[in-house]
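Please open the model in the viewer and keep the sequence panel visible. The tour proceeds from one selection to the next.

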Amino acid sequence: MKIEIWSDVACPWCYIGKRRFEAALAAFPHRDAVKVTWRSYQLDPALPEHYDGTELDYLSTRKGMPREQVSQMFDHVAREASGEGLNYRFDSVVVANSFTAHRLIHLAAAHGRQDAAKERLLSDHFEHGKDIGSREYLTSLAMELGIGRAEVDELFTTDKYADDVRFDVEEGRSLGISGVPFFVIDRKFGLSGAQPTETFSAALDQAWQDANPLVLVNSAEGGACGPDGCPS
């Protein structure tokens, strides 16, 4: 079973959704038959590489949201994150364009480290105040993931994996995805947003049953019991 997750590193609900989905997957009896692929999405592709201001400044000025409303939103999202064991620190978030970070995720995928890269980027961005647009930070992260410096340098000296990121974004749009996180199971089932773990569990069960229907192998009637007893 193939699960594709469109997500942005700069999306707070994407990390919450990741945790809830992971909880559902861990309890799924057929989890070993599931392949998860992270797909790129950018909430604000026009964002400069580095924004001179806080997350509060960014949302209140660039997005035109009242500062009080943004603060209330931060409190609500932080509480939701805390319920999943995450410690969001919106006052320390460094606002930066996520495009190169997405390219790094594609590079990590080539080394079998895609999920680890996604996890670190989300955690470092929302919990540790790291600059996801920084060459120094991305290089350090890649090397911690076991990726050589020469390959990471390519991200900053060439456009390697740029087309892969754009392809993900465009494919998401073709599927009607207009917000993230968005979960697609076997290109048949879609879930939008950081749904409760129970919803993810139900979707996994439904998708598995759809892909592996129960087939009656013997049409001859045999002895059986039912609610009304066991007829002879």
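**First selection: helix 2**

Select residues 55-62, which form helix 2; its buried residues are Glu55, Tyr58, Leu59 and Ser60. Buried means under 20% relative accessible area, exposed over 50%, and partly exposed in between (1.4 Å probe, protein chains only). Helices (H or I, at least four residues) and strands (E, at least two) are DSSP runs, numbered from the N terminus. The model is a predicted one, in which local features need pLDDT of at least 70 and side-chain atom pairs count only at pLDDT 80 or more, while totals for chains, interfaces and linings use all residues. Residues are numbered from 1 along each chain as its sequence is written, and side-chain values use heavy atoms, with hydrogens and water left out.

Now add helix 3 (67-82) to the selection: the cover over the buried residues of helix 2 includes this helix. Just after helix 2, Gly64 has a positive phi of about 70°.

**Aromatic rings**

Display the side chains of Phe, Tyr and Trp. Rings of these residues (for Trp, the six-membered ring) pair if their centres lie within 6.5 Å; planes under 30 degrees apart count as stacked, over 60 as edge-to-face and the rest as tilted. The structure holds 10 aromatic pairs. One of them joins Tyr51 and Tyr58 edge-to-face, at 5.5 Å centre to centre and with 75° between the planes. Tyr58 has a relative accessible area of 8% and is therefore classed as buried.

Move next to Tyr88 and Phe90, another edge-to-face pair, with 5.6 Å between centres and 90° between planes. Both Tyr88 and Phe90 are buried. Extend the selection to Tyr15, Phe74 and Phe126, which ring pairs link with Tyr88 and Phe90 into a cluster.

**The largest nonpolar core**

Which residues have the most contacts inside the largest nonpolar core? Select Leu104, Leu107, Leu121 and Ile147; the core has 19 residues. A nonpolar core is a set of buried Ala, Val, Leu, Ile, Met, Phe, Trp, Tyr and Cys residues joined through side-chain atoms within 4.5 Å. Helix 4 (99-110), helix 5 (114-127), helix 6 (135-144) and helix 7 (149-157) each supply at least two residues of this core. Its largest share, 5 residues, comes from helix 4.

Centre the view on Leu104. Beyond its neighbours within four places in sequence, Leu104 is in contact (heavy atoms within 4.5 Å) with Leu138, Leu141, Ala142 and Leu155.

**Loops and backbone angles**

Select the loop between helix 7 and helix 8 (162-174), where Asp159 is found. Is Asp159 buried or exposed? Asp159 is exposed, with a relative accessible area of 55%. Its C-alpha atom is 9.4 Å from that of Thr100, and the two residues are 59 apart along the chain.

Tyr161 lies in this loop as well. Although not a glycine, Tyr161 has a positive phi of about 70°; its relative accessible area is 17%, so it counts as buried. Most residues other than glycine have a negative phi, and most peptide bonds are trans.

Proceed to the loop between helix 8 and strand 3 (182-185), which holds Pro181. The peptide bond from Val180 to Pro181 is cis, with omega near 5°.

Finally, select Arg187 in the loop between strand 3 and strand 4 (189-192). Arg187 has a positive phi, near 55°, and is partly exposed, with a relative accessible area of 42%.
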